[in-house]
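Colleague: I am new to this structure and should like to understand the terms applied to it. Please set each value against its definition.

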Amino acid sequence: MGFNHRRGLNPYTSPYTILDCGDIPVTPFDNALALRQMSEAFLELGSRIPALPEGDDPKPKLLTLGGDHSVALPALRALNKIVGGPVAVLHFDAHLDTWNPARYGSAWESPQSDFNHGSMFWIASNEGLILNGSSAHAGLRTRLTGDGWDDYVDDDRQGFLRISSDDIDDLGTKGIIDAIVERIGLETPTYLSIDIDVIDPGLCPGTGTPEPGGWTSRELIKIIRGLESLNVVGADIVEVAPAYDGTGEQTALTAAQLGFEILTSWVSRGLKQRDEYKERKVETSTKVGNKGSKRDEL
């Protein structure tokens, strides 16, 4: 079952080829080596000739599933070489993840420990991998380090727009979508990064750093669907931790649905660029008087 009714297409039977590339083999004992292994793998996969070389997308698009959010750094390093420059980052998360490693504080500081799931965008920004002024966080509700606004000051320096989880109450999903599109634009190469903890832990408990007060899965899916017009050149869905998930595996199910929506959006945008997209309209009946459809009234 792969037909997406909202777009009238099945991404798996479209002219585009969708492949499961399997797992990237990385060592669990050496962060520096693991980072190198991931960077080389992303570059290798992303540099291959696509199945439709005559299309508007000259390179394959990679959707990474994880796992630790630090996978975004090797993905951005590879994209920098593939795209030929920095990209915008659209980051759905409860946390900033632009933290200077020095803000953590440790009696055993090391360059290797600087690379973690809360500092990867700080490292990427300092390496010139992220477009300063065209990127955005969405769904934020994290507490900050220290006693003031230093984390936000550092985030401002890296050029991110901050959309908090609470903003959806005033703006609605459409307002969130509009703010992101206005910030990033429709043609800017963009890396989409979704930390599953952007969703409230009451709905998605299977993550390592849950934060109360998040969005619902329906709200996030609605927003992702509304961002189809963005030029997303790579994406990840991360921080899914099955060991913490509920018996119904609701976190994994939500992550899988988000992946399906991203693939559908990629295919839909590609078909539109090739003038091959035909939207199918679904006729629905709202009549109540039909036999068997009338509800009992209390």
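**Contacts, helix and salt bridges**

Modeller: In the protein, 77% of the contacts between residues at least 6 apart in sequence join residues at least 24 apart, a contact being heavy atoms within 4.5 Å. This is a predicted model, in which local features need pLDDT of at least 70, side-chain atom pairs count only at pLDDT 80 or more, and totals for chains, interfaces and linings use all residues. Residues are numbered from 1 along each chain as its sequence is written, and side-chain values use heavy atoms, without hydrogens and water.

Colleague: Why is E261 called buried?

Modeller: Buried means under 20% relative accessible area, exposed over 50%, and partly exposed in between (1.4 Å probe, protein chains only). E261 has a relative accessible area of 0%, so E261 is buried.

Colleague: Why is R225 called partly exposed?

Modeller: The relative accessible area of R225 is 28%, so R225 is partly exposed.

Colleague: What makes E261 and R6 a salt bridge?

Modeller: The term requires a side-chain nitrogen of Lys or Arg within 4 Å of a carboxyl oxygen of Asp or Glu. For E261 and R6 the N to O distance is 2.8 Å, and their side chains thus meet in a salt bridge. This pair links helix α8 with the segment before α1, 255 residues apart; helices are DSSP runs of H or I with at least four residues, numbered from the N terminus.

Colleague: Why is α8 described as largely enclosed by the rest of the structure?

Modeller: Of its 24 residues, 17 are buried, so α8 is largely enclosed.

Methods:
Helices (H or I, at least four residues) and strands (E, at least two) are DSSP runs, numbered from the N terminus.
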